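Q: Could you take a close look at how the side chains hold on to one another here? I'd like to hear about the charged pairs and then the aromatic ones, in one connected walk-through please.

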Amino acid sequence: MSSIPSHAELLEAIGQRFTFGASNGATLEAILAHAPAGIPMNDSYVCYSATFELPAGAYLPQDVYRIESPAGRSWQLLATPTPPTQDGRSTVTIVVHCRADEWAEPAGSRDVV
């Protein structure tokens, strides 16, 4: 399990289902709706987010979840409730803000099996 997803892999997965696993073992599938770039604090950092749409009637509180991608990768990330969709479904968002040099490693070098 790598520590965080790259912005590129999130962008490639828009529209796909991710699984959120809670500490109590409960799981919930959510669709990655968008993954916009953010504003980093300076040129040494990168910033982006990912917003997931939950199924109708589902809600997730702010917490750290094990989030598994459709490609089978997973991360422990803080997800925070964000405004609902136009049809009223709940959403959660993760925000990544990290040093840009962390992404200078070759692809796959951060993976842990």
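A: **Charged pairs and aromatic rings**

Five salt bridges are present in the structure. Please keep in mind as you read that this is a predicted model.

Let's begin with Arg73, whose side chain meets that of Glu9 in a salt bridge with an N to O distance of 3.6 Å. This bridge brings together distant parts of the chain: Arg73 belongs to the loop between β4 and β5, Glu9 belongs to helix α1 (residues 7-12), and 64 residues separate them. Arg73 has 24% relative accessibility, so it counts as partly exposed.

Another of the bridges ties Asp101 to Arg99, with their closest N and O atoms 3.2 Å apart. Asp101 is partly exposed, its relative accessible area being 44%, and Arg99 is partly exposed too, at 37%. Salt bridges with shared partners also connect Glu53, Asp87 and Arg89 into one network. Arg99 has a second role to look at: its charged end sits over the ring of Tyr45, 5.8 Å from the ring centre.

Within the network, the side chains of Arg89 and Asp87 form a salt bridge of 3.1 Å, N to O. Asp87 is exposed, because its relative accessible area is 55%, while Arg89 has 22% relative accessibility and therefore counts as partly exposed. Asp87 also has a polar contact of 2.3 Å with the side chain of Thr85. Thr85 is placed in the loop between β5 and β6, and its 17% relative accessibility makes it count as buried. Leaving out residues up to four places away in sequence, Thr85 touches Glu53 and Thr91.

The loop between β5 and β6 also holds Ser90, which counts as buried at 18% relative accessibility. A polar atom of the Ser90 side chain lies 3.2 Å from the backbone oxygen of Ala58. Not counting residues up to four places away in sequence, Ser90 touches Glu53, Leu54, Ala58, Tyr59 and Phe52, and Phe52 leads us on to the rings.

Across the whole structure, a search finds three aromatic pairs. One of them is Phe18 with Phe52, an edge-to-face pair at 5.2 Å centre to centre with 70° between the planes. It spans distant parts of the chain, from Phe18 in strand β1 (residues 17-21) to Phe52 in strand β3 (residues 45-53), 34 residues apart. Phe18 counts as buried because its relative accessibility is 1%, and Phe52, at 1%, counts as buried as well.

Phe20 and Tyr65 make another edge-to-face pair, 5.9 Å centre to centre and with 65° between the planes. Here, too, distant parts of the chain are linked: Phe20 is in strand β1, Tyr65 is in strand β4 (residues 63-68), and they are 45 residues apart. Both Phe20 and Tyr65 are buried. Ring pairs join Phe18, Phe20, Phe52 and Tyr65 into a cluster. Beyond its neighbours within four places in sequence, Phe20 is in contact with a list of residues including Leu28, Phe52, Leu60, Tyr65, Ile67 and Val92.

Finally, the core around these rings. The largest nonpolar core has 23 residues, of which Phe18, Phe20, Phe52 and Ile94 touch the most other members. Two or more residues come from each of β1, β2 (27-34), β3, β4, β5 (74-82) and β6 (91-99), and β6 gives the most, with four residues.

Note on methods: Residues are numbered from 1 along each chain as its sequence is written. This is a predicted model: local features need pLDDT of at least 70, side-chain atom pairs count only at pLDDT 80 or more; totals for chains, interfaces and linings use all residues. Side-chain values use heavy atoms; hydrogens and water are left out. Rings of Phe, Tyr and Trp (its six-membered ring) pair if their centres lie within 6.5 Å; planes under 30 degrees apart count as stacked, over 60 as edge-to-face and the rest as tilted. Buried means under 20% relative accessible area, exposed over 50%, partly exposed in between (1.4 Å probe, protein chains only). A charge sits over a ring if NZ of Lys or CZ of Arg is within 6 Å of the ring centre and within 35 degrees of the ring normal. A nonpolar core is a set of buried Ala, Val, Leu, Ile, Met, Phe, Trp, Tyr and Cys residues joined through side-chain atoms within 4.5 Å. Contact means heavy atoms within 4.5 Å. A polar contact is a pair of N or O atoms within 3.5 Å; within protein, one must be able to donate a hydrogen and the other to accept it, and residues adjacent in sequence count only if both atoms are side-chain atoms. A salt bridge is a side-chain nitrogen of Lys or Arg within 4 Å of a carboxyl oxygen of Asp or Glu.
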